[in-house]
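Me: Got a minute to go through this model with me? I have a handful of short questions.
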Amino acid sequence: MKKQYLSEIMDHPLLGKLLPVDFSPLKTCSFNCYYCSLGKTTKITMEREEFYPVKDVFQEVDSYIQQNDSPDTIILTGSGEPALYSKFGELARKIKEKYPSITITAYSNASLLTDPEVRKDFCECDVMQFNLNAVNAEEFRKLNRHHGNVRIEDVLEGMKKFKTEFNKPIWIHSIFGNNFNISEENIIGLRDFIAEFKPEKYIIRKFEIENDVKPLSNKTINFIKSHMDSLDCECKYMGFD
Ligand code: SF4
């Protein structure tokens with residue numbers, strides 16, 4: 001049977017056998033990040049919707065697990081920002097109730113965390129992951145090209161508030177691109193935010209785009225490492241060698 005909401009299980013270095021579950025039209029997001037692997041955001045929005053019926057999404061997940069090997073982890077991704085799915089909490093809860101041994105996670109840009117309903121929905125996850133590439137407004141906007149209603153101050157406050165309500169692991173990811181978010185001010189500001197936030201893991205990556213975004217210089221890479229290495233949390237560099 002053709003799958004509408006699922007991708008194939010993939011091996012993930014941190015999450016084991018990972019099953020991605022989709023629930024929004026490509027591509028629905030509050031950001032339009034320069035490096036996004038899903039392409040350009042066609043619907044930039046902050047409005048939550050039940051893009052596809054939650055019972056249909058759950059049913060497809062359920063039949064897949066009944067007929068295949070069980071994944072270690074399910075990532076509720078959406079084709080864009082997962083918080084935009086208004087049935088996120090219900091979907092996560094249904095999967096967890098039926099398959100309690102599977103880890104449920106999501107990877108969010110944190111832009112809707114000022115909404116208590118979004119925080120409540122994300123609390124259904126076992127591990128929550130956020131992307132945070134900049135702490136100053138200019139670099140944040142330049143790289144993430146976000147919806148006009150997003151403010152970096154709200155993103156940072158929303159993340160802190162969520163941490164007080166979620167007593168499970170939180171991972172933060174930062175992705176660095178040449179000429180986007182590599183000012184000393186931003187790197188040090190990120191380090192300070194992470195030091196205070198204390199995520200379980202801090203995952204650092206970089207991006208380059210042929211003929212467009214040049215690779216990071218060794219000087220920048222060393223600057224990032226020299227500051228992030230002093231953090232107390234587990235710091236993982238992916239693709240930095
Ligand atoms: S937040 Fe994620 S899905 Fe949205 S544009 Fe950025 S990388 Fe793509």
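Me: Where does the ligand sit?
Reply: The ligand sits in the largest pocket. Keep in mind that this is a predicted model.

Me: Which residues surround the ligand?
Reply: The ligand is surrounded by K27, C29, F31, N32, C33, Y35, C36, G80 and N109. By class, five residues of that shell are nonpolar, three are polar and one is charged.

Me: How much space is in the largest pocket?
Reply: About 1,000 Å³.

Me: And how many residues line the largest pocket, and which lie nearest its centre?
Reply: The lining has 38 residues, and S37, L38, T77, Y107 and R205 lie nearest the centre. The elements giving two or more residues to this lining are β1 (10-12), β2 (16-21), β5 (73-76), β6 (103-108), β7 (127-131), β8 (170-177) and β9 (201-207).

Me: Which element gives the most?
Reply: β9, with four residues.

Me: How does the lining of the pocket split by class?
Reply: There are 21 nonpolar residues, twelve polar and five charged.

Me: Back to K27 in the ligand shell. Where does K27 lie in the fold?
Reply: K27 lies in the loop between β2 and β3, the latter being residues 28-29. The peptide bond leading into K27 from L26 is cis, with omega near -5°.

Me: Changing topic to the cysteines. How many disulfides are there?
Reply: The count comes to zero disulfides. C125, for one, is in no disulfide: the nearest cysteine sulfur belongs to C123 and is 8.8 Å away.

Me: Is C125 buried or exposed?
Reply: C125 counts as buried because its relative accessibility is 0%.

Me: Why is C233 not bonded to C235?
Reply: The C233 sulfur is 5.7 Å from the sulfur of C235, the closest one, and that is too far for a bond. The cut-off for a disulfide is 2.5 Å between the sulfur atoms. C233 also counts as buried, at 15% relative accessibility.

Me: Next, backbone angles. What is odd about N179?
Reply: N179 has a positive phi of about 70° although it is not a glycine. N179 is in the loop between β8 and α6, and at 57% relative accessibility it counts as exposed.

Me: What about N211, what is its phi?
Reply: The phi of N211 is positive too, about 65°, and N211 is not a glycine either. Its place is the loop between β9 and α7, a helix that covers 218-228.

Me: Is N211 buried or exposed?
Reply: Exposed, because its relative accessible area is 80%.

Me: Now a few positions I marked earlier. Where is N186?
Reply: N186 is in helix α6, residues 184-197. With a relative accessible area of 0%, N186 is buried.

Me: How far is N186 from E138?
Reply: They are 9.9 Å apart, C-alpha to C-alpha, with their positions 48 residues apart in sequence.

Me: And P82, which loop is that in?
Reply: P82 lies in the loop between β5 and α2, where α2 is 88-98. P82 is buried, with a relative accessible area of 0%. Its C-alpha is separated by 9.5 Å from that of R48, and the two residues are 34 apart along the chain.

Me: Where is S111 found?
Reply: In the loop between β6 and α3, the helix at 116-122. S111 counts as buried because its relative accessible area is 8%, and the cut-off for buried is under 20%.

Me: What separates S111 and L156?
Reply: In sequence, 45 residues; in space, 9.0 Å from C-alpha to C-alpha.

Me: Last one. Where is K225 placed?
Reply: K225 is in helix α7. At 25% relative accessibility, K225 counts as partly exposed.

Me: How far is K225 from T114?
Reply: The C-alpha atoms of K225 and T114 are 31 Å apart, and the residues are 111 apart in sequence.

Notes:
Residues are numbered from 1 along each chain as its sequence is written. This is a predicted model: local features need pLDDT of at least 70, side-chain atom pairs count only at pLDDT 80 or more; totals for chains, interfaces and linings use all residues. Side-chain values use heavy atoms; hydrogens and water are left out. On a 1 Å grid over the protein atoms alone, a cavity is a set of points where a 1.4 Å probe fits but cannot get out, and a pocket is an open set with protein on both sides within 12 Å along at least five of seven lines; lining residues have an atom within 4 Å of a point. Grid points are joined across faces, edges and corners, and a volume is the space filled by probe spheres set on the points. Ala, Val, Leu, Ile, Met, Phe, Trp, Tyr, Cys and Pro count as nonpolar, Asp, Glu, Lys and Arg as charged, and the others, Gly among them, as polar. Buried means under 20% relative accessible area, exposed over 50%, partly exposed in between (1.4 Å probe, protein chains only). A residue is near a molecule or strand if one of its heavy atoms lies within 4 Å of it. A molecule sits in a cavity or pocket if more than half of its atoms lie within 2 Å of its grid points.
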